[in-house]
Amino acid sequence: MIDKKTLSERDICTKFITPAVEKAGWDRLTQLLEEVTFTDGKIYVRGKLTARGAKKRADYVLYYKPNIPIAIIEAKDNNHSVRAGIQQALDYAKILDIPCVFSSNGDGFLFHDRTATEGNIESELGIDDFPTPEQLWEKYKKYKGIITPTSEKIASQDYYFDGSGRKPRYYQQIAINRTVEAIANGQNRILLIMATGTGKTYTAFQIIHRLWKSGAKKRILFLADRNSLIDQTKKGDFKHFKDKMTIVKHRQIDKSYEIYLALYQGLSGSDESANVYKQFTPEFFDLIVVDECHRGSANEDSAWREILSYFKKATHIGLTATPRETSETSNSEYFGDPVYTYSLRQGIDDGFLAPYRVFRVAINVDVEGWRPEKGKTDKEGNEIADRIYNRKDYDKNLVIDERTNLVAKRITEYLKSTDRYAKTIVFCVDIDHAERMRTALARLNSDLVAINHKYVMQITGDNDLGKKELDNFINPEEKYPVIATTSELMTTGVDAQTCKVIVLDSNINSMTKFKQIIGRGTRINEEFGKLYFTILDFRNATDLFADPDFDGDPIRIKDVPSSTDVDEGNDFLDDDDGDGETDDGGGATDQGPWVEPPIIVDPPIRGPKEGPGIDGLKPREKVYVNGVDVSVLVSRELYFDHMGKPITISLKDYTKNIIKEKYSSLDEFLNKWNTVERKEAIIAELQEQGIMVEALYEAVNREVDLFDLICHVAFDQPPLTRKERANNVKKRNYFTKYGEQAKKVLEALLDKYADEGVTNIENIEVLRVNPFNEFGSPIEIISEFGSKEKYLQAVKELENELYKIA
């Protein structure tokens, strides 16, 4: 008889848990998946290097059908109780939206029923009493409120598989399932919030395909507001609809298709003849998916909303990374509360989105303001109005040449210190600012511009040459353009996978706009070395990171109106960025690329006088000056806690607080450090808690070990460098008990520690590199210690010697 106590956790799974689940009727190929990894591991930035943290992995996930998970099992070896894994299993079940939760040690199962509202939520089951798929499917239906055969048919509809092995990530799976289940249960307005770069279009495709194939929705309209979004959708995830799909172009309507892709402005216009959507009957579409629904469709008086009102009997799904909730505009009022939210912070923590570093640059005229001396004239010889100008004025109604040049210089210096070919987007106040910034950057990078004039390009809505280069900029395979100056064109709908630098030289007062801009850098492309991005902030726009709204759930602000009448509005004069001004005011922006109707661009504004603008508005005029003393007061990196909020206390105090929460005393920390099998595990754990290891090294001493950093910062111990610790071991003649060859190996390990730290000597692969390869192969080296276990024990003892506290 097998003694279970001697078996590993994996043996318990293989010999007891898996057979028990299979015996209950679960198909091992399609329903029972073992060791399911569902995150990629958070990316940690260490100077210019990156490393991934631990991935989350469930021992078992059970599926009713592929991508419809209904149960999770956490396994432990038989030295643990049957209940030992339940808390971890519940954590994973909450993340994965799974109702049936099990823990097992091979003797039986503890079942936690998340569908139970009272009574026996947890119960123990024998090893032969695991529930069948049908039993747990009934639990799942209860959990999801699926009560009719029709709704069950829709909710259990298969996913689309293209044969490539691609399958949705866990959060996409949740978004798809919740949306399909909500519609199956009769909900007709759905809001999905997913951070930029998390695959909203693929998610939308699977939702549409499942509803279409189930027969629940027969004719579908996918609405977007930019050509690039429609083109990307048709060529990308939606290509599997093949000849069933069409794009509405040139206001020509063909009613023979089942899937329609269209621009809002291609279906409607300022006069009745342009409203071609009315060529469809109001009942023609039974599903409308609104991409980037935070834009025009969020406004109740928008002309775009009129399209949705016309097809009001259809189910409407809104997709956005940045829901709009202001006193005038509300996504949640129209679509309802989101059925699922996957935030930027979640994406970064899971390792699906790139983390960011933030450098703030404070310029004297921004911080202190600038007041022209008496009689100071602009570049046209006109006297400048006497008042104090500040950051809100610059480049909107007052242009200081020296400030533009200084910003361009700092951008250039950063790229020269890192990578001059790192794809960079510079967000400017307006088109004029983007044009001047391009000129300044071209002048400061004349050597690379001489090689290729497309090194830096203005990509704005009014610049046809620049717009043509947008696809090249976002294509990882294309080297040029490297730097793009823009104002509005690239804030949304631009899939810039390899963008490594975001420059903020625009006043951003809208959280929606800020999120969209940050989203340009969050995509990961490991093939091209894009694992994080850097934000250079010249306007304190990154103050918005501290706002609770940055990564929280949207809170409805707009009052519910007393009337639901729809008034046709002018979206080109909407306050689309939420800064309290209409979008045509204060200089031309590049809100394109619109197709129909044409872009409205402000007339050129020069001179000090005000004149009538569009609809009687008085656009503020720009004054251009030079000869101003402009300099950098301070440049510093911002640090963020594990919740993504800026750290407002000193880095040492922040670190001390985290460590003291984990270890109340020095003895407790020393005990953990000396007993843990691998020091790397503690380092990873502390990083996950939010400790900035690289920044701490800079603040204390790069030559010390992380052990000394922690002891010094948290427990006021004097830090020793790695070389000092290594020398202390050598002085104690610790190696005398080993043979001559083993002694040389340990001395080499000690030198390796002094140079590189403890994590390298813990890895047995170190025996393959210099100088260890001079001693023989890894097998030959280990044989000098008698066995692999004895070698590892020797390394462990060496570590104990290193970390002795005098």
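**Fold, pockets and an enclosed strand**

In this predicted model, residues 24 or more positions apart account for 71% of the contacts in the chain with a separation of 6 or more. The chain carries 28 helices and 24 strands. Of its 806 residues, 54% are buried. About 35,700 Å² of the chain is exposed, and carbon and sulfur atoms supply 47% of that area.

A good place to begin a tour of the interior is strand β16, which spans residues 356–363. Here 8 of the 8 residues are buried, so the strand is largely enclosed by the rest of the structure; the cut-off for burial is a relative accessible area under 20%. The cover extends to both faces of β16. On one side lie Y356, V358, R360 and A362, on the other R357, F359, V361 and I363, and all of these are buried.

Two partner strands are found for β16. With β22 (residues 533–537), β16 pairs in the parallel sense over 5 bridges, and within this pairing F359 has L536 of β22 as its bridge partner. With β24 (residues 632–638), β16 runs antiparallel, and the two are joined by 6 bridges. In that pairing, V361 stands opposite S635 of β24.

Attention now turns to the pockets. The largest pocket has a volume of about 1,200 Å³. Its lining comprises 46 residues, of which T201, Q232, D495, Q497 and R523 are the closest to the centre. Elements that contribute two or more residues to this lining are α5 (170–184), α6 (200–213), α7 (227–235) and α17 (470–474). The largest share comes from α7, with 7 residues. Sorted by class, the lining of the largest pocket holds 17 charged, 17 polar and 12 nonpolar residues.

The second largest pocket has a volume of about 910 Å³. Among the 30 residues that line this pocket, K56, I95, R345, D349 and D350 lie nearest its centre. At least two lining residues each are supplied by α2 (86–96), α5, β15 (340–342) and α11 (344–350). Helix α2 gives the most, with 5 residues. The lining of the second largest pocket divides into 12 charged, 10 nonpolar and 8 polar residues.

Helix α5 deserves a closing mention: α5 is one of the elements giving two or more residues to the lining of the largest pocket, and α5 also supplies at least two residues to the lining of the second largest pocket.

Key:
Residues are numbered from 1 along each chain as its sequence is written. This is a predicted model: local features need pLDDT of at least 70, side-chain atom pairs count only at pLDDT 80 or more; totals for chains, interfaces and linings use all residues. Side-chain values use heavy atoms; hydrogens and water are left out. On a 1 Å grid over the protein atoms alone, a cavity is a set of points where a 1.4 Å probe fits but cannot get out, and a pocket is an open set with protein on both sides within 12 Å along at least five of seven lines; lining residues have an atom within 4 Å of a point. Grid points are joined across faces, edges and corners, and a volume is the space filled by probe spheres set on the points. Helices (H or I, at least four residues) and strands (E, at least two) are DSSP runs, numbered from the N terminus. Ala, Val, Leu, Ile, Met, Phe, Trp, Tyr, Cys and Pro count as nonpolar, Asp, Glu, Lys and Arg as charged, and the others, Gly among them, as polar. Buried means under 20% relative accessible area, exposed over 50%, partly exposed in between (1.4 Å probe, protein chains only). Contact means heavy atoms within 4.5 Å. Accessible areas come from the Shrake-Rupley method with a 1.4 Å probe; for residues, only the protein chains shown count as cover. Two strands pair if DSSP finds at least two bridges between them.
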